[in-house]
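Here is a friendly walk through one model, from a metal site to chain contacts and a few backbone details. Have the sequence and the 3D view open as you read.

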Amino acid sequence: PKASATTGTSASAAAGGGTILSGEPDVNGDGKVVIGVLSPGDINDKGYYESFVDEADAFAKSKGWTVIKRGSVPATSALSAARALCQQKVDMIALGASELSDAIPASTEQLCAKTAWYVPSSANVAQTPQIMLSSDNPNQSMLAAGYATGLLMQAKGQTKAGFVTGQQADFTIAAAKAWKAGIREVLPKAQVVTTYAGDLNDSAKAKEAVQAQMSQGVKAMYPYLGGSTDAATALANTGKLITLTPGTDRCSSTSPTFDVSVLFSPGDYFAAALKQFAAGKLAMGAEKVWQLGVDPYPTVKLCKGTATENKKLAAFMSSIGTKKIDPAAEVKRLGN
Amino acid sequence: MNVRAALSSVSVWSGSVRSGWPAVAATTAAVVAALGLSSLLIAVTGGSPTASVRALYQGSMAGQTAWTTTLLYAAPLLLVAVGSCVSSRAGVFNIGQEGQVLVGALAGAWVALRLAVPGPVLLVLTLVTAGLAGGAWAALSSLMHRWRDVNVVVSTLLMTFIAAQLVAYAVNTPWLLQESRVGNATVSSASNQIPAGALLGSAGSYPGLQVNGGVFVAVIAAVVLALALARSRWGFRLKMLGLNPRTAQHAGVRTGALGGAALAVSGAFAGLAGAVLLTSPVGTNRLEPGISDNIGWDGLLVALVARNQPLLAIPVALLFGVLRSGGSFLAATGVPSFLVDVVKSLLVLAFVAPPVIVGMVRRRRAGALTAPAASDPLRVPQEATV
Amino acid sequence: MDVEERTADPGHPPVPALELRGISKSYGLVAACDAVDLAVHRGEIHGLLGENGAGKSTLMKILLGLVQRDAGTILHAGRAVDIRSPQQAVALGLGMVHQHFSLIEPLTVWENVVLGDTGKVDRTAACREVEEVAGRYGLPVDPMARVDRLSAGERQRVELIKCLRRDPSVLVLDEPTSVLTQDESAELFKVLRRVVRTENRAVVLISHKLAEITTATDRLTVLRKGRVAFRSATAETTPQELARRMVGRDVSLQAEAAALGLLPTAGSPSSSPGPRPGPGGPALRLKGLVVRADGVPVLDGLDLEVAAGEITGLYGVEGNGQAALGDLLSGLVVPASGTVEIGGRTVDPARPGALHRAGLGIVPEDRHSSGVVLDMSVAENLVLKSLNAVSGRGLRRVFVSRRKMHAAARRLAEEFNIVTPSLDAPLRSLSGGNQQRVVLARELSAGPAVLVAAQPTHGLDVGAIEDMYQRLRDVAANGVAVLLISTELEEVMALASRIAVISSGRVNGVLSVAEATAERLGMLVGGMAKESAMAKESRVA
Amino acid sequence: MSALDDIATVLSSGVRLTAPLAFAACGEYLAERAGTLNISVEAMMLGAAFSSVAVASGTGSATAGLLAGVVTGLLIGVVHAALSHRAEINTFVVGLVLNALVLGLTSYLITTSTFDSHQVTQLSVPVLRDIPAIGRPLFVERWPVYLLLLIVPLTWWLVERSRWGLELRAVGEAPQAADVTGIRVNVRRRQALLWCGALAGLGGAYLAVGEVGSFNQNMTAGRGYIVIAAVIFGAWRLGRTLVGCLLFGLADAMRLALPALGMTANSQLLIVAPYLLALLAMLLFSAKHREPKALGQPFERGST
Ligand SMILES: Nc1ncnc2c1ncn2[C@@H]1O[C@H](COP(=O)(O)OP(=O)(O)OP(=O)(O)O)[C@@H](O)[C@H]1O
Ligand SMILES: Nc1ncnc2c1ncn2[C@@H]1O[C@H](COP(=O)(O)OP(=O)(O)OP(=O)(O)O)[C@@H](O)[C@H]1O
Ligand SMILES: [Mg+2]
Ligand SMILES: [Mg+2]
């Protein structure tokens, strides 16, 4: 990534490329630190989207910062939402997901000149000097999630798993395939069905999809959902299915319960970035790629795994981290 | 002539609300009540009403940037509203603008992304195609009405949901309008960004205040239609059709064709609004399932509050624009932006209800044989709707 | 206004079944009822008559609790009562057959009959009751039939059954005969006789047809402009006197007399000009017109010719296709077959505005529904069929020129004596007579070769009627072919030189006014063909 | 897995997806017979779904939540009725505004509060539940489903047999004539809207505390409009309306179950199916003859 100092004379080059904004964390120098967070989803979904704001909130509180959060921002109003934040004199704008990347043009506008930008990306957002990109490879975490599921299924002697998600869109299709491939790393003959409920938030429909899968003997179920995650998982719990979390650590949750926490939550990445920001080390114009098996996140955690299972999973993840396993190739090989 | 047309429309308005101070006073009281209720809601849920009001103001009217955003929202709202005025005049109640906006944006996006023609031509083609598509979509309802007597309210409503799935299908289907894949990246449920040539630029830039081309399109449409409705033979016939279709037919008006055309025109303006959403910086310049963003529903409400007067729709659209941009800013202060939907709905009721109620009370008191004026859009769903 | 009373016999019981004292009701500035006193006794048919708009319907609606009075008391069997709703009226034993049918068409007869009751709905009991009441009064009807399948006469029976079933002490009928044939009317009066004589009920019969009132009632009250103008026993007065009381002055004009239902003195020559056939055949020729509504033919091969300079009357009882013919000539319905020729040229009535362009003007029967736009201005209503003439020139052709529109409207308003506060006032604010003048002015301003006037005097007061008659005569005298569609025999006899009788959607016979007697016309109306009508008459003679 | 089990799966899923529609459709049907084309049924369902979860969480009783849902639907019905049949504001405008208001309000409130999950209990009829294929779908459901056995016949009886229903029909067909007959037109229409509100509320509450056990933003997701489509599809007959609901419910159940059964289908097409079917029904059967004549028209005395 090329470093260019468009944000003013006071910017300085950082070690890993990119530019560190002067005065970090109070970039705009108004004596307060304000973080603005935009999320495309329901920020009370007890899952993926909520975690993003919760992490920011917790960290900011500990530093005495202010956090302005806004959920359910449609992609079409991302731009104006970002402008509104700039008017509020935020020091950083953090986008909850790459769906909101349409807000990025605001970063070049006068209004947002003194603002840091944190943007999650899945390789579909172009790097610009004004923003910090944060990305992971969803194939990695979904493959490992599948692997973990496979381990648990193997222990119980089961072979049938189900994936329930919303719209039939590219990212859901890809996630389903990687998860399936992961299961088949352990159980080459495993059967995996995918149901598109059509809506990440229609709980009744998500539940019916789960019910249909359960009645077909599915014993592990991944509710890759938004607002309807809990309703779907609760139903799966009644059938004692193996369940996974879509992004956050919920091993301690009792209602519903999960067997595997798949942690690819943008909140975790974001918390790490905020720490750097507080220390004045967060560089714009650079990209941070989060590696499974290398970085603390993303990762997959068995809630009640046996020592052997945990060891196998850790080994699998680290071979992804060391590139011994190429997730893309594995998905191609086993995901169809 | 413009000014006189304007004056005559305004006088029609005050006539139809049977103006006088009771209606004005009641409206004022209702607006205050609506704002009071909203404040109460904020306070009860732990927010600060004064801060919220300040935020609403700041985001929508304080400064040139704020005004820029407000105007960006107002333009498509005004376009939808102006179209609604036309169909309502003809006595046809179209409530499918949301779907017509979507179909317009869909067709516009297709043209903008698929045709290789130079910039300005592409923009014009995008806008025109979107208008035609919105019009055609509405015309389907009109054909169903003519052939099989299908209720226009019902069919325009149902067609909205079909339009939404059509767009969802298009942006999830690679050979249609789904965005192209870069390397291994996942693609989102949206089209590619339309080329710069098809973007509506700012037709004026007063340091920070940018007046987008869409604003000019919308205002010109409002003025031209106000003039046409008030003065032209077409406007005369529409009015006749809306107020008494039998007499209109007797007088030689092709009622079916004229009513159907009015519905199509209304759809066309909604489609054009869809294109403005697509090509102006209000959104992301891509086709996405959420691109209509309730502009269709809100535009219809603008027309209703403006009592189907295109010129009055200008300030009302501006007010709705203020609510949208202010709401966006309000959300940036931490108050969930859904609050703005609540405020907006309460305000619509506050504007719409009191004149009707005052009129009704007056009629009851007078006991006169004054059937409510059929021209009153808020009271009488005209014959065509049933 | 001093009311002259002639109380006939003192044989009535001292307490009237119903008594109204000082009833007043205003609609804005219009005093629909102004201190009206009225007493109705058991065992009598009480006629209530007056011109259009005299306040008859309003008075009865007050009685039925549909309209609240401003002042006055209602005494029922001597007791003051307060009637706030139709249910209360029913509970007191008041029943009403409304001027316009109040039946719900998609419901069955028995459902309509029990509508407005309280308590459980019991079909078997209701049907039995309908049949029982029907049998008692000789009003046969199928209780399970849907009302929209019934004829006008049958519907009237249902209305009657509905009232009589509730055993009313006072029965009010508001212009019950306007949709009935003469035979049906006679039947109705027979039923009413029975109701008062053998069952000792009281009946109020509202009408503005003097002939009917004088034959059917025992006592009567005349309303004029919301006040009681006259009371008398029927036997002690004459139609001529009643007419005078209604109008407030002597009625000499035959036109007025006709409008009030006074039969013209036998054999009196029509004052209308004789037929003056224009050159080259009739101005309007209708051939084999068929119009269907819901599959039922409402016009069934109608043939008719109207010559220039002549007033042809199309007479018949309401509901025999006049409305369909009016709609057809207004361009509102399209015939299934048949042709319309104007001035010898065939016109396609399906083409919007074609009839108008071919030179046909029409004063439609229901002007509010298809003649005017109440919420547009007087000026706009005057020009709405001739937008071309009031448009701008050149590029401004797409616009209506206000200047031209006002000029044209002003000219017509003056010529036709239209009384209006301003040309920009909504038509709604004009009186009925003036609204009708607006229609006539607009239709005549196009210089038509043919003028169709459908029920042109419905709802007009005497002054307006007089004016209308004079204008129609003038129009004919100027060489226009006039087709007068009317259900008023007297009106047709007074104006037309030829009378065509319509029955069941076809013309049953055409008589010159000289051959036309009430009896012959009556037989044609009843559906007998012309020849047999003549034959029967000659036998009688 | 036997084919019978598969059928049972799809059927019971269909029954569950149909139930909220069926409750609301009974209400909408009755309102439309009285002449009100009520488009705020979505607001009634959504508002009820929210309040049922809120009250269930507050009281700890799902049944109390269900009741609260009915009351909320009723209240929205009262507001709609007051605005459109007392103040006489165009009923479509009122409906649009109410839908926007309730969506905004519930979304706002759910982001500012949290609720526990509660769900009504399941009722399982011994013996009958063992009938192959239909046993499970029909005899093992959350108990409010069985209220349909009461409400459907009751709605039918009210409309077709009771005096109130006779008057409703009269009011929906010919309000002027009904008025002179002594029926208080707008009162009847308001009452019909209350019935509609209560039942739509029951439908929404069933969805929340019966089916799902929690509330999430816009959880009715357009079911109110599907209900309107069902009444149209049913050409204003209760039986056919319910068949429409079942058809739409089953279509959804099929869509959701097919992948598990190893089949695929175009989901967009299945999602729009209800709307397409309603339009088709109107086109094919020219429903105009069945449509209440005064549907959507306001009534005011003296304005023939
Ligand atoms: N195709 C149409 N689309 C929408 N509204 C229409 C259409 N045709 C007529 N209308 C409206 O419907 C009203 C008349 O309704 P009606 O159902 O009587 O029309 P119609 O008589 O069937 O039309 P036509 O003359 O074409 O047969 C008019 O106010 C007119 O504006
Ligand atoms: N609802 C009303 N609002 C205003 N004016 C009314 C109303 N009803 C009646 N009027 C007016 O009151 C007067 C009396 O009307 P009413 O209907 O009682 O006359 P009527 O004697 O029955 O006439 P007709 O012979 O035409 O039936 C008329 O001037 C009429 O215009
Ligand atoms: Mg700062
Ligand atoms: Mg009368």
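## The magnesium site

Which residues coordinate the magnesium ion (ligand 3)? The donors come from Asp26(A) (OD), Asn28(A) (OD1), Asp30(A) (OD), Lys32(A) (O) and Asp91(A), which appears with two OD entries, and they sit at 2.1 to 2.5 Å. Donors here are N, O and S atoms within 2.8 Å of the metal (3.2 Å for Na, K and Ca), and water is not among the atoms, so sites may look incomplete. Along the sequence, the donor residues follow the spacing D-x1-N-x1-D-x1-K-x58-D.

Before going on, please note that this is a predicted model, in which local features need pLDDT of at least 70, side-chain atom pairs count only at pLDDT 80 or more, and totals for chains, interfaces and linings use all residues. Residues are numbered from 1 along each chain as its sequence is written, chains are lettered from A and ligands numbered from 1 in the order in which they are written, and side-chain values use heavy atoms, with hydrogens and water left out.

The angles among the six donor atoms run from 53 to 158°, and the site is irregular. By the rule used, four donors count as tetrahedral if all angles lie between 85 and 135 degrees; four count as square planar and six as octahedral if opposite donors are over 155 degrees apart and all others between 65 and 115; anything else is irregular. Two of the donor residues can also be placed by accessibility, where buried means under 20% relative accessible area, exposed over 50%, and partly exposed in between (1.4 Å probe, protein chains only). Asn28(A) counts as buried because its relative accessibility is 17%, whereas Asp30(A), at 29%, counts as partly exposed.

## Chain B against chain D

This contact (heavy atoms within 4.5 Å) draws on 50 residues of chain B and 48 residues of chain D. The buried area, meaning the accessible area (1.4 Å probe) that two parts lose on being put together, summed over both, is about 4,500 Å², and carbon and sulfur atoms give 74% of that.

How many salt bridges cross between chain B and chain D? The rule, a side-chain nitrogen of Lys or Arg within 4 Å of a carboxyl oxygen of Asp or Glu, finds zero. On the chain B side, the elements giving two or more residues are helix 2 (20–44), helix 6 (119–148), helix 7 (152–171), helix 12 (295–305) and helix 14 (338–366). Helix 14 of chain B gives the most, with 15 residues. Helices (H or I, at least four residues) and strands (E, at least two) are DSSP runs, numbered from the N terminus.

## Chain D against chain C

Here 18 residues of chain D meet 19 residues of chain C. About 1,600 Å² is buried between chain D and chain C, with 61% from carbon and sulfur atoms.

The count between these chains is one salt bridge: the side chains of Arg169(D) and Glu111(C) meet at 3.1 Å, N to O. On the chain D side, helix 7 (163–173) and helix 8 (175–180) each supply at least two residues, and helix 7 of chain D gives the most, with six residues.

## Two buried side chains

Thr243(A) lies in strand 11 (residues 242–243) of chain A and counts as buried because its relative accessibility is 0%. A polar atom of the Thr243(A) side chain lies 2.9 Å from the backbone oxygen of Thr257(A).

Ser232(B) sits in the loop between helix 8 (213–231) and helix 9 (233–243) of chain B, and is buried at 6%. Leaving aside neighbours within four places in sequence, Ser232(B) is in contact with Leu227(B), Val398(C), Phe399(C) and Val400(C).

## Backbone details

Chain A has a cis peptide bond from Glu24(A) to Pro25(A), with omega near 5°, and another joining Ser255(A) and Pro256(A), with omega about -5°. Pro25(A) is in the loop between strand 2 (19–20) and strand 3 (34–38).

In chain C, Lys225(C) is a residue other than glycine with a positive phi, near 45°. Lys225(C) belongs to the loop between strand 10 (219–224) and strand 11 (227–233) and is exposed, at 70%.

Notes
A polar contact is a pair of N or O atoms within 3.5 Å; within protein, one must be able to donate a hydrogen and the other to accept it, and residues adjacent in sequence count only if both atoms are side-chain atoms.
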